[in-house]
Amino acid sequence: MIKPPPTENLSETVRCAMEQSFLDGTFLPGQVFDERSLAEKYAVSRTPVREAILRLVTQGLLQVMPRAGVLVPKLSIKELLSLLEMLAELEGACAKFAAKRMDSSERLALKEAFLACEAAAHAGDSAAYKKANAQFHEVIYAASRNDWAKTQIRALRLRCASYQRSRFDLPGRLEQSLQEHREVLLRIEAGDCEGARQAMIAHISVGGRDFAEFVSSLPSEFIGQE
């Protein structure tokens, strides 16, 4: 049950909770909701739910279906590839800026996040790795000192979260991701801006056979038409 403080806008609270559901993989492509069920889920009236839905529609995260409810849109393979390409470029830019602007406390935080990733990967704990991975990237976003890039990355990650929710469960993915993190870390620590950018792009990008394997791991009902 949502219990926001009096000064917090209730529709904004609902919107944030719904966004978290995208990140958690609770809201899936093709899923249909109605205002009443969402109001019951978040223990609020329909008005803040309706306002939250409208915000999420403008973000492309939801689609209003007349007389049917609200739909979580599906991405086509082409759309998914385009989204991941853009995400890789923005993440690469943040790594580049971080290599130039990161202070000593952020370098320590990045190393600690990497070590947490390493421990989780060695333990084969995908849930712990997901958490440590998020922290690793968050440190880089903060150190980039570029709020515009952070905002755009968050929007893109929200849009593709349902498609990537099980990526760390794929065979060998934890070890591969860890090696990619190590390369990003080394480049940033060396102050190698272009190297950090390229390492991050390689980490985020999914191309060729890797992309084909990634798509084949997705439920067919998640994929939209071109």
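Biologist: How many residues of each class line the largest cavity?

Modeller: Seven nonpolar, one polar and one charged. Ala, Val, Leu, Ile, Met, Phe, Trp, Tyr, Cys and Pro count as nonpolar, Asp, Glu, Lys and Arg as charged, and the others, Gly among them, as polar. The lining consists of F22, P29, L61, V72, P73, L158, R159, S162 and Y163, so R159 falls in the charged class and S162 in the polar one. This is a predicted model, in which local features need pLDDT of at least 70 and side-chain atom pairs pLDDT 80 or more, while totals for chains, interfaces and linings use all residues. Residues are numbered from 1 along each chain as its sequence is written, and side-chain values use heavy atoms, leaving out hydrogens and water.

Biologist: Which helix gives the most to that lining?

Modeller: Helix 7 (residues 147-164) does, with four residues. Helices here are DSSP runs of H or I, at least four residues long, numbered from the N terminus.

Biologist: Why is T13 called buried or exposed?

Modeller: Buried means under 20% relative accessible area, exposed over 50%, and partly exposed in between (1.4 Å probe, protein chains only). T13 has 12%, so T13 is buried. This residue lies in helix 1 (residues 10-24), and its C-alpha atom is 9.6 Å from that of Y42, 29 residues apart along the chain.

Biologist: What makes E12 and R55 a salt bridge?

Modeller: The term asks for a side-chain nitrogen of Lys or Arg within 4 Å of a carboxyl oxygen of Asp or Glu. For E12 and R55 the N to O distance is 3.3 Å, so the pair qualifies. E12 sits in helix 1 and R55 in helix 3 (residues 46-58), so the bridge ties together parts that are 43 residues apart in sequence.

Biologist: Why is E12 called partly exposed?

Modeller: Its relative accessibility is 27%. R55, at 42%, is partly exposed too.

Biologist: How do you know that E35 and R50 meet in a salt bridge?

Modeller: Their N to O distance is 3.0 Å, so this pair also meets the cut-off. E35 lies in helix 2 (residues 35-42) and R50 in helix 3, so the bridge joins parts 15 residues apart.

Biologist: Which residues touch the most other members of the largest nonpolar core?

Modeller: L80, L84, L110, Y129, I140, I188 and F214, out of 47 residues. Such a core is a set of buried Ala, Val, Leu, Ile, Met, Phe, Trp, Tyr and Cys residues joined through side-chain atoms within 4.5 Å. Helix 4 gives the most to this core, with ten residues.

Notes. Helices (H or I, at least four residues) and strands (E, at least two) are DSSP runs, numbered from the N terminus. On a 1 Å grid over the protein atoms alone, a cavity is a set of points where a 1.4 Å probe fits but cannot get out, and a pocket is an open set with protein on both sides within 12 Å along at least five of seven lines; lining residues have an atom within 4 Å of a point.
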